[in-house]
Amino acid sequence: MSWTIAPEPVNSPAAAALWRAYYTEVSDRWYLLHEGRRTDPDELEREIAADTGDGLAPPRGRLLVARYGGEPAGSAGVRLLDATTAELKRVFLLPRMRGKGGAALLVGAAEDTARELGADRMILDTRGDLTEARALYAGLGYTETEAHNDAPYAEHWFTKDLGATAAHRGS
């Protein structure tokens, strides 16, 4: 089987299902770590509905959906913050799809998308407990930096110069 990655509307059934899976996983991880419980179902529904992903829609953004063997497997979003800076959002692979090389391909496709939108730099933030994400970004040439936002759950900030093609992309 092989990977395909293509832009998709943020409200498509596949994108909506991946957003739900992403948000459920990161929210549950936070609550289990800090409060010893999963996310309250009502809170989960409110938060999923509140973030429509509009910032990931054209013309200033894109949501990419990765498919493995034709099955929706993950997503990554890109949004322009200014004329030369893009932000990487919602990088996620379904647990059963991890370890198949899709994460590096997905981030590489997001970097290409950012370049197409005119960006020469990608930034992102992540949490401390998302150690797999931090390792992925570092392995793909992202450098940890000072905070570039005051997002409530952001604990680590990264940047990457997109001027040159990503030598670390992998397959």
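**Exercise 1. In which sense do β5 and strand β7 pair, and over how many bridges?**

Solution. This is a predicted model.
Step 1: Find strand β7 at residues 156-161.
Step 2: Set β5 beside β7; the two pair in the antiparallel sense, over six bridges.
Step 3: Pick out one position. L124 stands opposite F158 in β7.

**Exercise 2. Work out how β4 and β5 pair, and follow the chain from one to the other.**

Solution.
Step 1: Compare the strand directions. β4 and β5 run in the parallel sense and pair over three bridges.
Step 2: Check a bridge. E87 has I123 in β5 as its bridge partner.
Step 3: Trace the path. The chain leaves β4, passes through α3 and arrives at β5. This β-α-β crossover is right-handed.

**Exercise 3. Describe the largest pocket and its lining.**

Solution.
Step 1: Start with the space. The largest pocket holds about 1300 Å³.
Step 2: Go to its centre. The lining has 46 residues, and Y22, V26, R90, V91 and L130 are the closest to the centre.
Step 3: List the elements that give two or more residues to the lining. They are α1 (13-35), α2 (41-50), β4 (85-93), α3 (102-116), β5 (121-126) and α4 (131-139).
Step 4: Which element gives the most to the lining? That is α1, with nine residues.
Step 5: Sort the lining by residue type. There are 24 nonpolar, eight polar and 14 charged residues.

**Exercise 4. Link the strands to the pocket.**

Solution.
Step 1: Recall the pairing of β4 with β5, in the parallel sense.
Step 2: Look these two strands up among the lining elements. β4 and β5 each give two or more residues to the lining of the largest pocket.
Step 3: Add the helix of the crossover. The chain passes through α3 between these strands, and α3 also gives two or more residues to that lining.

Methods: Residues numbered from 1 in each chain as written. Predicted model: local features only at pLDDT ≥ 70, side-chain atom pairs only at ≥ 80, totals over all residues. Heavy atoms only, no water. 1 Å grid on protein atoms, 1.4 Å probe; cavity = no way out; pocket = protein on both sides within 12 Å on 5 of 7 lines; lining within 4 Å. Points joined across faces, edges and corners; volume = space filled by probe spheres on them. Helix = DSSP H or I, 4+ residues; strand = E, 2+ residues; numbered from the N terminus. Nonpolar A, V, L, I, M, F, W, Y, C, P; charged D, E, K, R; others polar. Pairing = 2+ DSSP bridges. Right-handed = clockwise from strand over helix to strand, strands pointing away.
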